[in-house]
Amino acid sequence: MKTPRYVAVLMIALTLSAVAGDGSSAAQKPKVGKPVPVPPRAMPPLPPAVIDNSLAIGGEDINARKDNTRMTVEVRVNGRGPYQFLVDSGADSSVVGLRIARDLQLPLGTPTVLHGTTGSAVVGRVMVDELQLGVATIHDLELPALREDDLGGAGMLGIDALVQQRLMMDFEKRVIKAEDARQPAKMMDGEIVVTARRRRGQLILTEVSAAGLPVEAVVDTGSEITIGNLALRDKLIRGNRRKFVTVTIVGVTGASSELQLARVGELRVGSVTLRDVPIAFADVPPFTVFGLQKQPALLLGTDLLDTFRRVSLDFRARKVRFQLRRCGSSGIIISTGATPSFSRISSGDDGAVCRR
């Protein structure tokens, strides 16, 4: 069988430690080197987070576009632009494209280690005075510079730009709202809170299960495909390799990797149930980085998030809210791989997940 090639810009996690290099070339036009592969490294855990089905987000509407299932927003770099940046809730650091680095002649910074879904690599960075997202401005950043073809956009917004924000991604209307998370949140009637954890800034949900098996799941708006680790695969699908289809993905550093795609009978996220769900499987570096390589775990990509009406993320308070397009049970199409999958999604008895 011919292996389909599935090009996806996937979650990244940057380590805080810089790699020794010459960061003194502030006056010269940047010449960022190619990524150099390195082994992935684990990082320490951080405090708990929660899923909150009462979370409501106001704030400013930001012009957004939908690139397949992922959302991009208008961002200004050092006052120039706007440029279309992907929103990546799984990335520690924002990223700028090489064209922006060249056009704005951004000074070179020190290299750092980037952990992508298809591998870990040492990458070059540039100095950015400010990123502007709506009314929010983030100052004094040192960001990786990568090829736009690998990123899937002019750049990428990571946790460094989102940590003080409440973000609502409306997949139905293709609108993103952002507001200052330091201001009190507007709440809706009804409240269902699901305990979760956080690593560095990424939100890891704990009330998730696959075919009845408890799973820890990272909300990853930068990935077009949902990925489970091999610990999850071996629990769910044993022996029958005919259930798998091989797909090829391309990560932000340009490296490619092959994953095994299979369908899982049931996936529960809080009180929401999805049935006959396509999930790709591989022990990709982010599972090691987040310390999730040994227990069943998932990276929740936008192929699944796109089936919701809205996904709201409060990074400061560590809260997440999912809203369905309608109550009850309905058929959906999940765009994972070369062939769309027909599945079903159900709100169960929880009206909060579909309240408008």
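1. A contact here means heavy atoms within 4.5 Å. Take the contacts in this protein with a separation of 6 or more: 71% of them join residues 24 or more positions apart. Keep in mind that this is a predicted model, where local features need pLDDT of at least 70, side-chain atom pairs count only at pLDDT 80 or more, and totals for chains, interfaces and linings use all residues. Numbering starts from 1 along each chain as its sequence is written, and side-chain values use heavy atoms, with hydrogens and water left out.

2. On the overall make-up, the protein has six helices and 29 strands. Both are DSSP runs numbered from the N terminus: helices are H or I with at least four residues, strands are E with at least two. Of the 356 residues, 57% are buried, meaning under 20% relative accessible area with a 1.4 Å probe, protein chains only. About 14,500 Å² is exposed by the protein, and carbon and sulfur atoms supply 49% of that; the areas come from the Shrake-Rupley method with a 1.4 Å probe.

3. Now have a look at β7 and β8. Strand β7 covers residues 70-77 and β8 residues 80-87; they run antiparallel, joined by five bridges. (Two strands pair if DSSP finds at least two bridges between them.) One bridge to pick out on screen: Thr 72 has Leu 86 in β8 as its partner. The hairpin has two residues between the strands, and Asn 78 there takes a positive phi near 50 degrees.

4. β8 also pairs with β14 (residues 155-157), in the parallel sense and over three bridges. Here Val 87 has Leu 157 of β14 as its bridge partner.

5. Arg 70 deserves a click. This residue sits in strand β7 and is buried, with a relative accessible area of 3%. The C-alpha atoms of Arg 70 and Asp 88 are 9.0 Å apart, with the two residues 18 positions apart along the chain.

6. Last, the cavities. A cavity is a set of points, on a 1 Å grid over the protein atoms alone, where a 1.4 Å probe fits but cannot get out; lining residues have an atom within 4 Å of a point. Grid points are joined across faces, edges and corners, and a volume is the space filled by probe spheres set on the points. There are two cavities of 30 Å³ or more, and the second largest has a volume of about 40 Å³. Its lining is Val 269, Leu 274, Leu 300, Leu 304, Leu 305, Phe 308 and Phe 322. By class, that lining has seven nonpolar, no polar and no charged residues, where Ala, Val, Leu, Ile, Met, Phe, Trp, Tyr, Cys and Pro count as nonpolar, Asp, Glu, Lys and Arg as charged, and the others, Gly among them, as polar.

Technical notes
1 Å grid on protein atoms, 1.4 Å probe; cavity = no way out; pocket = protein on both sides within 12 Å on 5 of 7 lines; lining within 4 Å. Buried < 20%, exposed > 50% of the residue type's maximum accessible area, 1.4 Å probe, protein only.
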